[in-house]
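Dear colleague,

I am handing over to you the structure shown below. Please look it over before reading the notes that come after it.

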Amino acid sequence: TPTTTYTVVVGVSGGGKSLVGKLLLEAIEIDQQRRQEEFRRDSLPVMRARIMEIDDELKRLEREGSRPRKGQADDPDARRNRRTELLGLKDQLEFALDCPQMISEDLTVQVMVRILNANKSRLILLSTDARETINNIMGRYNNGRPDDSLLLKAFSGESYNFSRRGQGKVIESLNVNKMAVSSLLMLQPDIAEEMVECEGLQGSGYLQRTLFA
């Protein structure tokens, strides 16, 4: 099972949260920066070049369909199968263009799913001032209802299925398998009080999975 801890550190303003957070974050941020630089240097150009090649071949197939070469039999089925294969490859490549990311402060489900998908279902939520992060959990973007369903599943190492309507009204689906998410969120006392008094969080199970310090 994954090691998953949800920790909230409560401290008054000026009490040292930023200093402690910097010590905790620095090594992880350096490693994340290294991974992102390697991705941009080694992987991203290759994927973009391959997408351009696919686009060129799709255009060629389109030309062949509208103007077959002299003496060459037209094979629409073969052309259709090849186009389908190319479009599938292009979708996979475009989805993999997201830069690898281990750390996040953003807790909207849409953002977290994409980060998890790009980082082998692993994510650390770290913030030395998590006021906005906790507001998201309490439902700022979810009509006031707690937006913690992904965190609840991640705590047990479960998978998460996410669907939304994308461009052209096409349903886009993501399935993140065996999530491992941990969090260290630092708060001032007022927002911590709002958090523990939130009826939605009291009933959802997120508070029961959170360690307060």
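The following paragraphs describe a sheet, the helices on it, and a cavity.

Please bear in mind that this is a predicted model.

The sheet is open and built from five strands, ordered S2-S3-S6-S1-S7, with parallel pairing. Strand S2 (103–104) and strand S7 (210–212) occupy the edges; each has a single partner strand, so one side of each is left without a neighbour in the sheet. Strand S1 (residues 6–10) pairs with S6 through five bridges, in the parallel sense. Within this pairing, Val9 has Met186 of S6 as its bridge partner.

Two helices that pack on the sheet may be noted. Helix H3 (residues 109–118) touches S2, S3 and S6, and its direction makes about 130° with that of S3. Helix H6 (residues 189–197) touches S1, S6 and S7, and its direction makes about 130° with that of S6.

As to enclosed space, the count is one cavity of 30 Å³ or more. The largest cavity holds about 40 Å³ of space. Its lining consists of Gly21, Leu24, Leu25, Leu126, Ser127, Thr128, Leu184 and Met186. Helix H1 (17–66), strand S3 (122–127) and strand S6 (180–187) are the elements that each give two or more residues to this lining. H1 supplies the largest share, with three residues. By class, five of the lining residues are nonpolar, three are polar and none is charged. Met186 thus appears twice in this account: Met186 is the bridge partner of Val9, and Met186 also lines the largest cavity.

With kind regards

Terms used. Residues are numbered from 1 along each chain as its sequence is written. This is a predicted model: local features need pLDDT of at least 70, side-chain atom pairs count only at pLDDT 80 or more; totals for chains, interfaces and linings use all residues. Side-chain values use heavy atoms; hydrogens and water are left out. On a 1 Å grid over the protein atoms alone, a cavity is a set of points where a 1.4 Å probe fits but cannot get out, and a pocket is an open set with protein on both sides within 12 Å along at least five of seven lines; lining residues have an atom within 4 Å of a point. Grid points are joined across faces, edges and corners, and a volume is the space filled by probe spheres set on the points. Helices (H or I, at least four residues) and strands (E, at least two) are DSSP runs, numbered from the N terminus. Ala, Val, Leu, Ile, Met, Phe, Trp, Tyr, Cys and Pro count as nonpolar, Asp, Glu, Lys and Arg as charged, and the others, Gly among them, as polar. Two strands pair if DSSP finds at least two bridges between them. Contact means heavy atoms within 4.5 Å. Axes are lines fitted to C-alpha atoms, for helices over the stretch in contact, and angles run from 0 to 180 degrees between N-to-C directions.
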